[in-house]
Structures are given as C-alpha cells and as structure tokens.
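Grab your viewer and work through a few short exercises. Try each task yourself before you read its solution.

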Amino acid sequence: MSTAPDTYALTFPQLGRTVIGRSEETLFQAARRNGVRVVGACGGQGRGGSCMVLVREGRTHSRGPDDGEGGSTVTREKKWARACQLQPRSDCTIEVAERSLAQVARTEVDVARTEG
C-alpha cells in the first residue's frame, strides 16, 4: 500500500510565486512543473550548478551525490545549493540566484509572403 507524498508550499518571493512541491520531487522539479523557470543546464541531473537557490526558511532533504547513501537533512543552515538536489520537508521560502533565473526570450519573426 503506497501513501500519498507530503506537499509543501514553496514560495519564491523575488518572482511573486508560491507553488506546491511534493516530498519526493526536488525543488527544481517542483518549480519547473509549476511554470517557475529556473535554469537547469544539465536538466536537473546534479551535474551543472546552474540551478542555485538559497532556502531562506524551511527544511529540505539533500539527495546530492556528496551526501552519502541516505542524503542529509538541511535545517536552517543558509547556504547556496543546487535546486535539483533538494527535496522539501516543510513549507519553504526560496531565493533563486540571479544567474539561475531563466529569462523568457521571445523572438519576432517577420516572414515575407509571396504569392504565386
């Protein structure tokens, strides 16, 4: 019998967004699933470092490769970490590094039509 994952409010104040994250997903996955654009050059595989965040409030679980088999719980220690390596364990307030914010790029294309 499986149980439903715990859900938490993930607040990104600088973006004016609060989304729901699940305990089994990373902050990166929750952000992307909810339309919050965080840069993830490696696609969230933990190889890049472009998805840096600072958890200002709340608790997370680190599942990083350097944390050993079981990972480690990050309590209120404020340091920058990869969003793709952190899973929420409470409601969190998250600051995204300026370099990790994905800008929406829009390209206007002027296509000349020929009739013939």
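The exercises below cover the sheet, the core and the salt bridges of this predicted model.

**Exercise 1. Work out the strand order of the five-stranded open sheet, and find its edges.**

Step 1: Start with strand 1 (residues 7-12) and strand 2 (residues 17-22), which run antiparallel and are joined by six bridges. For a check on the register, T7 has R22 as its bridge partner in strand 2. The two strands make a hairpin with four residues between them, and G16 in that turn has a positive phi of about 65°.

Step 2: Now go to strand 8, which pairs with strand 1 in the parallel sense over two bridges. Here L10 sits opposite C92 of strand 8.

Step 3: Put the whole thing together and you get the order 2-1-8-3-6, with mixed pairing. Strand 2 and strand 6 (80-82) are at the edges with a single partner strand each, so one side of each has no neighbour in the sheet. On average, neighbouring strands of this sheet are turned by 40° against each other, direction ignored.

**Exercise 2. Find which residues touch the most other members of the largest nonpolar core, and which elements supply it.**

Step 1: This core has 20 residues, and those touching the most other members are L10, F12, L27, V38, V53 and I94.

Step 2: Sort by element: strand 1, helix 1 (27-33), strand 3 (52-57) and strand 8 (92-96) each supply at least two residues. Helix 1 gives the most, with four residues.

Step 3: Zoom in on V53. Skip its neighbours within four places in sequence, and its contacts include L27, W80, L86 and I94, along with the charged-residue positions K79 and E95.

**Exercise 3. Trace the salt bridges of R22, E25, R33, E95 and R56, and say how buried or exposed each residue is.**

Step 1: The whole structure holds four salt bridges. In one of them, R22 and E25 bring their closest N and O atoms to 3.6 Å. R22 is partly exposed at 29% relative accessible area, while E25 is buried at 5%.

Step 2: E25 also meets R33, at 2.7 Å from N to O. R33 is partly exposed, at 40%.

Step 3: Next take E95 and R56, whose closest N and O atoms are 2.4 Å apart. E95 belongs to strand 8 and R56 to strand 3, so this pair ties together parts 39 residues apart in sequence. Both count as partly exposed, E95 at 24% and R56 at 38%.

Step 4: Finally, look for shared partners: R22, E24, E25 and R33 join into one network.

Technical notes: Residues are numbered from 1 along each chain as its sequence is written. This is a predicted model: local features need pLDDT of at least 70, side-chain atom pairs count only at pLDDT 80 or more; totals for chains, interfaces and linings use all residues. Side-chain values use heavy atoms; hydrogens and water are left out. Two strands pair if DSSP finds at least two bridges between them. A nonpolar core is a set of buried Ala, Val, Leu, Ile, Met, Phe, Trp, Tyr and Cys residues joined through side-chain atoms within 4.5 Å. Buried means under 20% relative accessible area, exposed over 50%, partly exposed in between (1.4 Å probe, protein chains only). Contact means heavy atoms within 4.5 Å. Axes are lines fitted to C-alpha atoms, for helices over the stretch in contact, and angles run from 0 to 180 degrees between N-to-C directions. A salt bridge is a side-chain nitrogen of Lys or Arg within 4 Å of a carboxyl oxygen of Asp or Glu.
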